[in-house]
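Q: Hi! I have a new model open and would like to talk it through with you. Could you keep me company while I click around?

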Amino acid sequence: MSLSTKSVTAVVPAKINLALAVGPVRVDGFHELATVYQAVGLFDEVTATRRNPGSGVTMTVAGPEADAVPCDATNLAWLAAEAVAAEADVVPDVHLHIVKRIPVAGGMAGGSADAAGALLACDILWRASLHRERMLELAADLGSDVPFLLHGGTAVGTGRGERITAAMARGSYHWVFALSDRGLSTPRVYAECDRLRAGAKVTEPVIPAGLMEALLAGDPARVGAELANDLQPAAISIRPELDMVLEIGRDAGALGAVLSGSGPTCAFLVADDEAALDLAVSLSASGLCSGVARAEGPVGGARLKDG
Ligand code: C5P
């Protein structure tokens, strides 16, 4: 990479949670989690372009949902650029351009993915050469899911989701996603989860052994049967039609159906391309979702775009 490099582009995947066990609220207000993430092949692109001294950070977003994305310091990618600049001891004069394909506020960590992309792109642009560990710390400060988007693959997340350990996983999985054009607020879904569980004893979250065995065996049917998300009842309580969306997948013979993260995206594991196509048709015909996407997982984490 030459000193005069003006622009660097990172490509970052979306994530789903194959399991999301939500434990008690901690003193910092976050919930203790035990989750299994998988990175899936829906990608955002983040391009960081050097700007003239004194220009500061600017941002543009392209894509069908671009209007729903803030282009200011409330965007995690903006904060990521500032964090790398502070580490590299440079003034953050940079333009960030995001090509947005991951659903916005959909429970697939689109905002976190852009933060991971901005960390990587700015690290290269400013030749910060951050150590992997430091990069993961900056990522964790930005959001619970950001370290996983740097890591990719299939991994266990503990703490508030930011402590990542690679999972022993085999095989490739076909996913169908039912999208919604109305996002769900993550804090609101966690708050609803607390409300529904008020008075009940909430135990420490554990990674389901059955899911880990199924992943080790690379058996999609078993993985499908083990999909689980403690936030699902809360999201359904806020948006009851999500239960019907999940039901469509079960009726259509999906190997598994689960809310993705805090929703509203619903994720369906299917056996092959044909099953994916059939389910996509049923979901589209239902009128209950705004669109359908398909992807395979696992894929790698944030990487530089070739060329
Ligand atoms: O870490 P992140 O910024 O993605 O979290 C967004 C919100 O989701 C938090 O402000 C909190 O309300 C909720 N959250 C939580 N426990 C976690 C992760 C997220 O309560 N482990």
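Q: Let's start with Glu192: does it count as buried or exposed, and at what relative accessibility?
A: Glu192 counts as buried, at 11% relative accessibility. Do keep in mind that this is a predicted model.

Q: Which residue does the side chain of Glu192 meet in a salt bridge?
A: That would be Arg195, with 2.9 Å from N to O. Arg195 itself is exposed, with a relative accessible area of 55%.

Q: Where are those two along the chain, and how many residues apart?
A: Both are in helix 5, residues 186-197. They are separated by about one helical turn, because they sit three residues apart in that helix.

Q: Which residue forms a salt bridge with Glu137?
A: Arg134 does, and the closest N and O atoms are 2.6 Å apart. Here too the two residues share a helix: helix 3, residues 132-142, with three residues, about one turn, between them. Glu137 is partly exposed, with a relative accessible area of 42%, and Arg134 is also partly exposed, at 29%.

Q: What about Arg294, which residue is its salt-bridge partner?
A: Arg294 pairs with Asp273, and their closest N and O atoms are 3.1 Å apart. This pair links distant parts of the chain, 21 residues apart: Arg294 belongs to strand 11 (residues 291-297) and Asp273 to helix 10 (residues 273-286). As for exposure, Arg294 is partly exposed at 37%, and Asp273 counts as partly exposed at 45%.

Q: How many salt bridges does a search of the whole structure find?
A: The search finds 13. There is also a network of salt bridges that links Arg26, Asp28 and Glu32.

Q: Changing topic: how is the chain divided into domains?
A: Domain 1 covers 7-167 and domain 2 covers 173-297. Their centres, taken over C-alpha atoms, are separated by 23 Å. Domain 1 brings 31 residues to the contact and domain 2 brings 39.

Q: How much area do domain 1 and domain 2 bury between them?
A: About 2500 Å², with 66% of it on carbon and sulfur atoms. On the domain 1 side, Leu18, Leu20 and Val22 supply 22% of the area buried against domain 2, more than any other three residues.

Q: And how many salt bridges are counted between domain 1 and domain 2?
A: Zero. There are, however, 14 residue pairs in polar contact between the two domains, counting pairs with both residues at pLDDT 80 or more.

Q: Which strands supply at least two residues each to the side of domain 1 that touches domain 2?
A: Those are strand 1 (7-25), strand 2 (31-50) and strand 5 (154-158). By class, that side of domain 1 has 20 nonpolar, nine polar and two charged residues.

Q: I just clicked on Thr35. Where is it found?
A: Thr35 is in strand 2.

Q: Why does Thr35 count as buried?
A: Thr35 counts as buried because its relative accessibility is 0%, and the cut-off for buried is under 20%.

Q: What does the side chain of Thr35 reach at 2.7 Å?
A: The backbone oxygen of Ala19. The Thr35 side chain also makes a polar contact with the side chain of Asn17, at 2.8 Å.

Q: Which residues does Thr35 touch, leaving out those up to four places away in sequence?
A: Asn17, Ala19, Leu20, Ala155, Val156, Gly157 and Ile207. One of them, Leu20, already came up among the three residues that supply 22% of the area domain 1 buries against domain 2.

Notes
Residues numbered from 1 in each chain as written. Predicted model: local features only at pLDDT ≥ 70, side-chain atom pairs only at ≥ 80, totals over all residues. Heavy atoms only, no water. Domains from an automatic or database assignment. Contact = heavy atoms within 4.5 Å. Buried area = accessible area lost by both parts, 1.4 Å probe. Salt bridge = Lys/Arg side-chain N within 4 Å of Asp/Glu carboxyl O. Polar contact = N/O pair within 3.5 Å; in protein donor to acceptor, adjacent residues only side chain to side chain. Helix = DSSP H or I, 4+ residues; strand = E, 2+ residues; numbered from the N terminus. Nonpolar A, V, L, I, M, F, W, Y, C, P; charged D, E, K, R; others polar. Buried < 20%, exposed > 50% of the residue type's maximum accessible area, 1.4 Å probe, protein only.
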